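Here is a quick tour to read alongside the sequence and the 3D view. Keep both open as you go through the points.

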Amino acid sequence: MRAAIFAILLLAVSSAFAQAPATVEREIIRHLDAITKYGSYGDSYDYAKLSKHNELLKDTLIRNGKRSEILHYAFPKLDSKMFVATSADGKLRVYSWDLETGGTMHDFESVYQYRGKSGKVHTWTEKRDDESAGTFCTQIFEVPSAGGTIYLTTSTFIGSTSLAGQSINVVRIDGEKLNTKAKLIRTASGLTNSINFAYDFFSVVDHPERPVMLVFFDAAKKEFRFPVVIEDDTTPQGRVTNKFITYRFTGKYFVKVG
């Protein structure tokens, strides 16, 4: 009984000293500004300071991301600083930022924040090796199913000035765990948890949005679509066409239609 009372008091004290969401936002911006200052794309490159602030930013997101009020907070001042994608139901969010360690190929890191079945909020990051450039998440779509909500995250890869890529990834919240390996997309090669395609950025350079959004979702039809990309002599890295490939959820899998 005494231990339970102590645990409750400790939780109350921790909550009382927790930073307000707006204060957390300012801390995130401080690290992002330092990353830009000391990054490889600026004039004050400093590897040690850059690495330090990337780690501090990641720690800030992981540490504070376990709080429900942070998941609810809109972070209005981060729009021009990093990518923050949130699901419509508010249960899943992905924070992505440029590590500023790359050249024409950009390196990105992401921290996932989600609400488990119990209501508790968790954070998760993908283990990356030194060779992985990473992607940034731009959109999260929702598909209701008998087994619970299926989330489709869309991410972008910047390989060089001209080479880019996008992916559609299946994500589920299974109890208190984030499942990023659910193979719910049926392709000609078998079941997979993601679809990826590369393209020449200059084939869509006049697109009104930047970053270019090439994956579209129809909630009513429970389907997503992405463009057909053709490699030819003019655009060997892939020319984005006006034709699309569509996958629809049948209740169990996403299958190609049309």
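What follows is a short briefing on strands, hairpins and aromatic rings.

This is a predicted model, so please read every value below as computed from it. One part to look at is an open sheet of four strands, and another is the set of 15 aromatic pairs that turns up in a search of the whole structure.

**The four-stranded sheet**

- The strands line up in the order 1-2-3-4, with antiparallel pairing.
- Strand 1 (83-86) and strand 4 (121-124) are the edge strands, each pairing on one side only.
- From one strand to the next, the twist averages 15°.
- Strand 1 is joined to strand 2 (residues 92-98) by four bridges, and the two run antiparallel.
- If you want a residue to click on, Thr86 has Arg93 in strand 2 as its bridge partner.
- Helix 3 (residues 47-64) packs on this sheet and touches strand 2, strand 3 (108-115) and strand 4. The direction of helix 3 makes about 170° with that of strand 2.

**Strands 5, 6 and 7**

- Seven bridges connect strand 5 (residues 136-143) with strand 6 in an antiparallel arrangement; in this pairing, Cys137 has Ser155 of strand 6 as its bridge partner.
- The hairpin of strand 5 and strand 6 has six residues between the strands, and Gly148 there takes a positive phi near 115°.
- Strand 6 also runs antiparallel to strand 7 (residues 163-174), joined to it by nine bridges. Here Ser155 is partnered by Ser167 in strand 7.
- The hairpin formed by strand 6 and strand 7 has four residues between them.
- Strand 6 (residues 150-158) is mostly covered, with seven of its nine residues buried.

**Aromatic rings**

- Phe108 and Phe136 have ring centres 4.6 Å apart and planes at 50°, so this pair is tilted. Phe108 belongs to strand 3 and Phe136 to strand 5, 28 residues apart, which links distant parts of the chain.
- Phe108 counts as buried because its relative accessibility is 4%, and Phe136, at 2%, is buried too.
- Phe224 and Phe254 make another tilted pair, 5.6 Å centre to centre with 55° between the planes. Because Phe224 lies in strand 13 (residues 223-230) and Phe254 in strand 15 (residues 254-257), the pair ties together parts 30 residues apart in sequence.
- Both Phe224 and Phe254 are buried, and they belong to a cluster linked by ring pairs that also takes in Phe197, Tyr199, Phe226, Tyr247 and Phe249.

**Charges over rings**

- Arg186 places its charged end over the ring of Tyr253, 4.7 Å from the ring centre.
- Arg225 has its charged end over the ring of Phe244, at 4.3 Å from the centre.

How values were computed:
Residues numbered from 1 in each chain as written. Predicted model: local features only at pLDDT ≥ 70, side-chain atom pairs only at ≥ 80, totals over all residues. Heavy atoms only, no water. Pairing = 2+ DSSP bridges. Axes fitted to C-alpha atoms, helices over the stretch in contact; angles between N-to-C directions. Contact = heavy atoms within 4.5 Å. Buried < 20%, exposed > 50% of the residue type's maximum accessible area, 1.4 Å probe, protein only. Phe/Tyr/Trp six-rings, centres within 6.5 Å; stacked < 30°, edge-to-face > 60°. Lys NZ or Arg CZ within 6 Å of the ring centre and 35° of its normal.
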